[in-house]
Amino acid sequence: MSEQLTLAAETRGQVGKGASRSLRREGRVPAVIYGNKQDPVSIHLEEKALMRALMTGHFMNSTVILDVAGTAALTLPKDVAFDPVTDRPVHVDFLRIGEHSTVTVQVPVRFTDDATSPGIKRGGVLNIVRHELELVCDASAIPDDVEISLAGFDVGDAIHISSVTLPKGSKVTIEDRDFTIATIVAPSALKSSEGEAAGGE
């Protein structure tokens, strides 16, 4: 399960481009908290602390407690805007949630058991179609990743969502089709050798 992060924040008295630029010069990042039938709150965070949270690699699927002047708000990051030149964060949107709210998150997939995949053993290449799955789950039980076993899959096989065991309490948002997550494709050397064999026959 993804860890819970805590970030200190302060309310913003002024909003607008000029005020935001001024905050960024001071090493702060403007942000907003919205949702849960409450008024939006404009805040700002320390850029260094935000960068540390972003560097965990699972910021977008972790719940974040924002400590705003001693008042804690449980949130889920929904969007981070980055400067196109410097790649520094310039704005963050946080969705306010209840402790056991149902949330929609993007969770990365992780492939295991490649040693027991006949296709990988033969030199096949794993072609990942979806690096993340959009899941609906409890805010208190957001999974770090979705583990997908490659055991038994051969060259030419496709791994569909129906063959994946999702973390307990989670479900995919796409339920109307059995979509493909990955395929095992033949490397060019294997393709050419099979093609020559077929030609010889």
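**Reading the open sheet and the nonpolar cores**

Author: In this predicted model, 3 strands form an open sheet in the order 8-13-11, with antiparallel pairing.

Reader: Which strands are the edge strands of the sheet?

Author: An edge strand pairs on one side only; here these are strand 8, residues 125–128, and strand 11, residues 158–160. From one strand to the next, the twist averages 20°.

Reader: How many bridges join strand 8 to strand 13?

Author: Strand 8 and strand 13, the latter spanning residues 180–185, run antiparallel and are joined by 4 bridges. Within this pairing, Leu126 stands opposite Ile184 of strand 13.

Reader: Turning to the interior, what is the general idea behind a nonpolar core?

Author: Nonpolar side chains in soluble globular proteins tend to be buried together. In this structure, the largest nonpolar core has 24 residues, and Val103, Leu133 and Val146 have the most contacts inside it.

Reader: Which strands each supply at least two residues of this core?

Author: They are strand 5 (71–82), strand 7 (102–112), strand 9 (132–138), strand 10 (146–149) and strand 13. Strand 7 gives the largest share, 4 residues.

Reader: With which residues is Val146 in contact, leaving aside its neighbours within four places in sequence?

Author: With those neighbours left aside, Val146 is in contact with Val107, Pro108, Val109, Arg110, Leu133, Leu135, Val164, Leu166 and Pro167.

Reader: How many residues does the second, separate core have?

Author: The second core, separate from the one just described, has 19 residues, among them Leu5, Leu7, Ala31 and Ala53.

How values were computed:
Residues numbered from 1 in each chain as written. Predicted model: local features only at pLDDT ≥ 70, side-chain atom pairs only at ≥ 80, totals over all residues. Heavy atoms only, no water. Pairing = 2+ DSSP bridges. Axes fitted to C-alpha atoms, helices over the stretch in contact; angles between N-to-C directions. Core = buried A, V, L, I, M, F, W, Y, C linked by side-chain atoms within 4.5 Å. Buried < 20%, exposed > 50% of the residue type's maximum accessible area, 1.4 Å probe, protein only. Contact = heavy atoms within 4.5 Å.
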